[in-house]
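Please examine the sequence and the coordinates shown below. The paragraphs that follow lead from the overall fold to individual residues and their surroundings.

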Amino acid sequence: FSGPPMDPAAAPAPAPATSNVTPRPGDWTCSVCSNLNFAVRSMCNRCQTPKPGAAPAPMPKPGNDQQGKPGDWYCPSCGNLNFARRISCNMCQTPMPGFAQGYAAAMESIQTNMAYGMGGGMG
């Protein structure tokens, strides 16, 4: 690489969300972030805004033939059963309920412990 360093303010703007994409029948554009979403999505995969006019997703009923293991979770948006290791639904990408709050609390705890020298190092 040669030349002067690039000024971050002069960086090119990101491409629009719908550039070079041809929507298919039923695809929809998010009213909040302008992201183009596949027709099957019940919420925007970029900002999680619900699809306009979307009915609430059916929740699994007792006796459903899908049985999870401890820690598995049902998506609140589409009702899909997800493995415990997933942090977002593998069908609609909705974040696991409570994940963001739990992650934020864990990071705060780690930062607090490191500030007070309780980082778990040698000694």
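Of the contacts (heavy atoms within 4.5 Å) between residues at least 6 apart in sequence, 9% join residues at least 24 apart. The model is predicted, so that local features need pLDDT of at least 70 and side-chain atom pairs count only at pLDDT 80 or more, whereas totals for chains, interfaces and linings use all residues. Residues are numbered from 1 along each chain as its sequence is written, and side-chain values use heavy atoms, with hydrogens and water left out.

The protein contains 1 helix and 4 strands, arranged from the N terminus as β-β-β-β-α. Helices (H or I, at least four residues) and strands (E, at least two) are DSSP runs, numbered from the N terminus. Buried residues, those under 20% relative accessible area, account for 15% of the 123 residues; exposed means over 50%, and partly exposed lies in between, with a 1.4 Å probe and protein chains only. About 9400 Å² of the protein is exposed, and carbon and sulfur atoms supply 60% of this area. Accessible areas come from the Shrake-Rupley method with a 1.4 Å probe; for residues, only the protein chains shown count as cover.

Confidence should be considered next. The predictor's confidence in each residue is given as pLDDT, from 0 to 100. Its mean over the protein is 73, and 60% of the residues reach 70 or more. Among the elements, strand β1 (residues 28-29) has the highest mean pLDDT, 90, and helix α1 (residues 99-115) the lowest, 69. Over residues 11-18 the pLDDT stays under 50, and the model has 7 contacts beyond four places in sequence for this segment. Where pLDDT is low, the predicted coordinates should not be read in detail.

Which residues does N82 touch, not counting residues up to four places away in sequence? They are D72, W73, C75, S88, C89 and N90. N82 belongs to strand β4 (residues 81-82) and is buried, because its relative accessible area is 0%. Its surroundings include polar partners: the side chain of N82 reaches the backbone oxygen of N80 at 3.2 Å, and a polar atom of that side chain lies 3.0 Å from the backbone nitrogen of N90. A polar contact is a pair of N or O atoms within 3.5 Å; within protein, one must be able to donate a hydrogen and the other to accept it, and residues adjacent in sequence count only if both atoms are side-chain atoms.

The loop between β3 and β4 contains S77, a buried residue with a relative accessible area of 13%. The side chains of S77 and T94 are joined by a polar contact of 3.0 Å. In the loop between β2 (36-37) and β3 (73-74) lies V40, which counts as exposed because its relative accessibility is 74%. V40 and M91 are 51 residues apart in sequence, while their C-alpha atoms are 9.2 Å apart in space.

The cysteines remain to be considered. A disulfide is a pair of cysteine sulfur atoms within 2.5 Å, and the structure holds 0 of them. Why does C47 not form a bond with C30? The sulfur of C30 is the closest cysteine sulfur to that of C47, but at 3.6 Å it is too far for a bond. C89 is likewise in no disulfide, the nearest cysteine sulfur being that of C78, 3.6 Å away. C47 counts as partly exposed at 28% relative accessibility, whereas C89 counts as buried at 1%.
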